[in-house]
Amino acid sequence: MKASRARTEMKQARDAFLRSKPRSRVPHEFVLDALEPIGPVTKPMFGCLAVYLREKVVLILRDHRDHPADNGVWLATTAEHHDSLRREFPHMRSIQLFGTPATSWQVLPSDAGDFEESALRACELVLARDPRIGKVPGRRTVTRKMGTAKKKTRTGTKKTKKAVKKR
């Protein structure tokens with residue numbers, strides 16, 4: 001009886017897997033191909049695909065129908081590096097999607113005539129560990145739940161000392 005039940009559960013899991021939403025295509029996949037020697041990790045972010053090297057997010061790859069002006073390769077940088085990067089990437093600009101005049105995220109727009117060349121040049125800078133590209137995302141905040149503080153960390157959630165006395 002147990003073997004039959006296990007087979008049924010395996011079949012249900014396989015069927016659910018096959019019915020699941022197909023994985024969407026990777027935007028600007030040539031960027032990941034260029035970064036392959038350093039083994040980037042990708043994660044979904046802002047409905048796009050973030051590219052990480054160790055703890056740093058370095059790029060975001062975006063290709064959406066909504067706000068097409070911001071499609072392309074987003075560079076994770078800071079305002080202090082904008083001028084020097086703009087000399088290397090004349091079409092680089094701030095992300096318009098956020099509605100602010102200037103952002104730390106800069107985009108190499110996919111509709112620019114030199115998009116692929118610029119994106120590959122950005123990959124060269126990432127491969128060379130250029131300090132102008134890449135940011136460590138901020139730490140997560142502490143949340144409180146029923147008198148015990150739980151701190152969210154990169155590896156999971158851990159309990160800390162009592163944060164609130166029981167009444």
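This report walks through the sheet, a helix packed on it, and the salt bridges of a predicted model.

## Ground rules

Because this is a predicted model, local features need pLDDT of at least 70 and side-chain atom pairs count only at pLDDT 80 or more, while totals for chains, interfaces and linings use all residues. Residues are numbered from 1 along each chain as its sequence is written, and side-chain values use heavy atoms, with hydrogens and water left out.

## The sheet

Let us start with the strands. Helices (H or I, at least four residues) and strands (E, at least two) are DSSP runs, numbered from the N terminus. Two strands count as paired if DSSP finds at least two bridges between them. On that basis, 6 strands make an open sheet with antiparallel pairing, in the order β1-β2-β3-β4-β6-β5. At the edges sit β1 and β5, each of which pairs on one side only.

At the β1 edge, residues 41-45 (β1) and residues 48-53 (β2) pair in the antiparallel sense over 5 bridges. Val41 stands opposite Tyr52 of β2. The two strands form a hairpin with 2 residues between them, and Phe46 in that turn has a positive phi of about 55 degrees. At the other edge, β5 pairs with β6 (residues 106-109) over 2 bridges, again in the antiparallel sense. Here Ser94 has Gln106 in β6 as its bridge partner.

## A helix on the sheet

Helix α4 packs on the sheet, where it touches β2, β3, β4 and β6. Contact here means heavy atoms within 4.5 Å. The direction of α4 makes about 140 degrees with that of β6; axes are lines fitted to C-alpha atoms, for helices over the stretch in contact, and angles run from 0 to 180 degrees between N-to-C directions.

Now a look at Pro37, found in the loop between α2 (29-35) and β1. With a relative accessible area of 70%, Pro37 is exposed (buried means under 20%, exposed over 50%, partly exposed in between, with a 1.4 Å probe and protein chains only). Its C-alpha atom is separated by 8.2 Å from that of Leu127, 90 residues apart along the chain.

## Salt bridges

The structure holds 7 salt bridges, each defined as a side-chain nitrogen of Lys or Arg within 4 Å of a carboxyl oxygen of Asp or Glu. One of them joins Asp70 and Arg93 at 3.1 Å, N to O. This pair links distant parts of the chain, 23 residues apart: Asp70 lies in the loop between β3 (56-62) and β4 (72-75), and Arg93 in β5 (residues 93-94). Asp70 is buried at 1% relative accessible area, whereas Arg93 is partly exposed at 22%.

Another salt bridge brings together Glu88 and Arg132 at 2.6 Å, N to O. These residues are 44 apart, with Glu88 in helix α3 (residues 82-88) and Arg132 in the loop between α4 (115-127) and β7 (142-145). Glu88 is partly exposed at 29%, while Arg132 is buried at 13%.

## A network of charges

Within α4, the side chains of Glu124 and Arg121 meet in a salt bridge of 3.1 Å, N to O. They are 3 residues apart in this helix, so about one helical turn separates them. Glu124 is partly exposed at 44%, as is Arg121 at 32%. A network of salt bridges links Glu88, Arg121, Glu124, Asp130 and Arg132.
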